[in-house]
Amino acid sequence: MEKKRIYFFDEGSAEMKQLLGGKGANLAEMKRIGLPVPPGFTITTEVCREYYAVGGRLPDGLEEEIVEAMHRLEKEAGAKFGDPENPLLVSVRSGAPISMPGMMDTILNLGLNDETVKGLAKQTNNERFAYDSYRRFIMMFSDVVRGVDRQLFEEALEEIKKKYGAKTDADVPAEGMKELAERSKEIYKEQLGEDFPQDVWKQLIMAVDAVFRSWNNERAILYRKINNIPDDMGTAVNIVKMVFGNMGDDSATGVAFTRNPSTGEKELYGEYLVNAQGEDVVAGIRTPKPVKELKNDIPQAYDELVRVAEILEKHYRDMQDMEFTIEKGKLYMLQTRTGKRTAAAAVKIAVDMVKEGLITKEEAIMRVTPEQIETLLHKRIDPSAEKTLIAKGLPASPGAATGSVVFDTEEAVKLAEQGKKVILVRPETTPDDLHGMVASQGILTSRGGMTSHAAVVARGMGKPAVVGCEEIDIDMENEQFAAPNGKVYKKGDIITIDGSTGEVFEGEVPLIDPQLSGEFKELLDWADEIRVLGVYANADNPEDAAKAREFGAEGIGLARTEHMFLGPERVQIVQRMIMADTSEERREALKDLGKLQKADFKGILEAMDGLPVTIRLLDPPLHEFLPAPEELAEEIRKLEDEGAPAEVIEEKKKLYHKAVELAEHNPMMGFRGCRLGLIYPEIYEMQVEALMEAAAELKKEGKNPIVKIMHPLVGHVNEMKRLREMTDRVAFQVLDREGVDLKYKVGTMIEVPRAALTAYQIAEYAEFFSFGTNDLTQMTFAFSRDDAEGKFLAKYVEEGILPKNPFIVLDRDGVGRLIKIAVTDGRKTRADLDVGICGEHGGNPESIEFCHIVGLDYVSASPYRVPVARLAAAQAAVKHPKK
Ligand code: PEP
Ligand code: MG
């Protein structure tokens, strides 16, 4: 049997979107549930595919089917197509399965010619209206179907207006419109060398052809590419009896939302114009009125619209965006679809609808995107603000910030103390810049990727950052940077950065405060009821820990202890430790550090009292705590020039030699992680001692510290075995000495592929695994996490060599497989092995979904991403229910 190509509205339904397109399916659905829809039919998207399959023309037999359908439409409409007495006019509109607003073509008033226009005038007793419709139709048809420049018609309209002394289109009298219609036909002939088609059937077939053709116009192709819409989906064509909103003061046209799309408030929201056609609303010639005023203008139609809006919302169980026209007091619905909304509205509508019994909590969870949650947690750029883009880098840490440009960390601190807002701009940041970062509103670097120091630390602080902005050229010496267009920005100049998009703007751009509402909290509480994955936070200090807890974190998944080694006075002690010639000297320095660490640990454990806190022992290579050799060489040169005392120069030289000695060609694969702890056991011993002392003190104070000690970068079971012995030995000593009974866990990060592959061995000595997916991604791909993104990774993604940046979205095929192996094998050895993820992926929704599927116990995200992770984990649970 031949495939059915045409569906009348009473033959379709909302489920048939793929076949009938969004507009056609929803018109059919409205008809099906008894709402006022003008009669019409839809030519399917399959026909569009056929159209292209046969080389871009209407497939055989379609024309006859359209004619047949038109005869049925004539019966339903009580008018005849091309009839001079009682003409049927139609609109011909595109409508793809996925909405592509404004991308394809539409033709209104089709069916008018020199004869039918007279009929329309007589019938409506309105000559001006009839000829206005006719000249609009000629213009639209010429433009859409034959590609004649619309401007020519606009110019003709201007001439007519001048001739009749009309200020606006509405002031042009019937005579003028008649003249304009004639003139429009002339333009058509001048441009195309043929008469404007008077045969309405010919008009119709040409219009259908044009709509199918518009599926492949340039802007539609581009729109599909940007929005990942498949090219072979095709558009449907809807042919609908025209209803007129421009038939007098009891007629109108407009758009309305069933709820306020920017606040989510439950109220009919939208605008309309009395005595107008759809285009007039869009054209902005007249200012539309708020839809509530329709109550005064055309009361019975307003009541009907309210009734229809309620029915539609109940029926679709979501906020609707509707198009309507009122013809002589009677309401017609021309379209309905799910309405777009702001993040705040999305949350409010989802929560309200659960309370109204319209949707379930699970559905509410699925209706808000993690990105929307994200935007609610940060200051953002006022969307209506005017702005000048300077450059674009990586969106490393979301939120927007404004401040004056500062290149020097100390200066950033100084200015902040004076109450100034600054943006720290540097080629990249190092642990030395930490206090400058704390003091700044935001961070901009020209180098580094999404897991660079600046990115990780900024995210941890919830501070906006744009990193790897290679387009700017930073001149540290003269304290200025050059934008790609050559413009130079000096110290003190104001800029605004948007860490959610990676954009850098000139001057101060107005910002909007985060919107946290009661509904927001409620939605996240529901997410907690639904999710299976635990949500922890990566936090290194009591303030961040408290923030994370406030945002719903159930523990700390990663406290990077090296961050506690920073700050001017601490770095000095660390340097003393590094420079020590003897073990005694080193122990002395470590003792001082130990005291400080103990206070840090106590603060974090206290902030997270009763919840697990995972403390990772020192991880980075020691050279990170020393200035770069080049910097030191420069300082030495300066000191020598100034004739500084010999001991001072000697001291610097010693530091220089140490820095050179510690320098490595591949520091990320170098002397770092547990390798440090095994070669210099006193460092880790100090850390374990400080931690257990802090916990013991808290316990004595009646608190409930839950300690997990984590060893980084283990790759061989023997490393873990020794670390475990050391940890237990030191911990028992402390607990014994303090007379405290305290359970703690010892585990490792899985950051090296070998560790994942030998997890069954490592699990003998580790009670938990935490996947450090930053390093694991780096080591699995052999992509330097510090350089790859700036150098080639962006191009890789742009050109489709890699589908996504694996430092942001966990690579399921490679890294993911290693994780699966480690979890499965590790649990074979230790059934109660607890497993989580603490790389940056712990805050990424797609990666969280993977963690849920694999059956991890928790994900750990930066404090400001905790709410995002809570929602994403709940969405994963809804999508993949556990049996
Ligand atoms: C990791 O490697 O994923 C991790 C969390 O550790 P860091 O980023 O500190 O190397
Ligand atoms: Mg790591």
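## Contacts of R672

In this predicted model, the side chains of R672 and D775 are joined by a polar contact of 2.9 Å, where a polar contact is a pair of N or O atoms within 3.5 Å, one of which, within protein, must be able to donate a hydrogen and the other to accept it, with residues adjacent in sequence counting only if both atoms are side-chain atoms. The side chain of R672 also makes a polar contact of 3.1 Å with that of D619.

R672 is found in the loop between α24 (646-662) and α25 (674-679), helices being DSSP runs of H or I with at least four residues and strands runs of E with at least two, numbered from the N terminus. R672 is buried, with a relative accessible area of 2%; buried stands for under 20% relative accessible area, exposed for over 50%, and partly exposed for what lies in between, using a 1.4 Å probe and protein chains only.

## Surroundings of ligand 1

Around ligand 1 there are 14 residues, of which R560, E751, G772, N774 and R785 come nearest, a residue being near a molecule or strand if one of its heavy atoms lies within 4 Å of it. An N or O atom in the side chain of E751 is 2.9 Å from an oxygen atom of ligand 1, while backbone atoms take part at two other residues: a polar backbone atom of G772 is 3.2 Å from a ligand oxygen, and a backbone N or O atom of N774 lies 2.7 Å from one. The protein covers 96% of the 280 Å² of accessible area that ligand 1 has on its own, as given by the Shrake-Rupley method with a 1.4 Å probe.

Two or more residues of the shell come from each of β25 (556-560) and α30 (773-781), and α30 gives the most, with 3 residues.

## A three-stranded sheet

An open sheet of 3 strands has the order β18-β19-β20, with antiparallel pairing, and its edge strands, β18 (473-475) and β20 (488-490), each pair on one side only. Two strands pair if DSSP finds at least two bridges between them, and 3 bridges join β19 (residues 480-482) to β20, with V488 in β20 as the bridge partner of A482.

## Basis of the model

Residues are numbered from 1 along each chain as its sequence is written, with chains lettered from A and ligands numbered from 1 in the order in which they are written. Because this is a predicted model, local features need pLDDT of at least 70 and side-chain atom pairs count only at pLDDT 80 or more, whereas totals for chains, interfaces and linings use all residues, and side-chain values use heavy atoms, with hydrogens and water left out.
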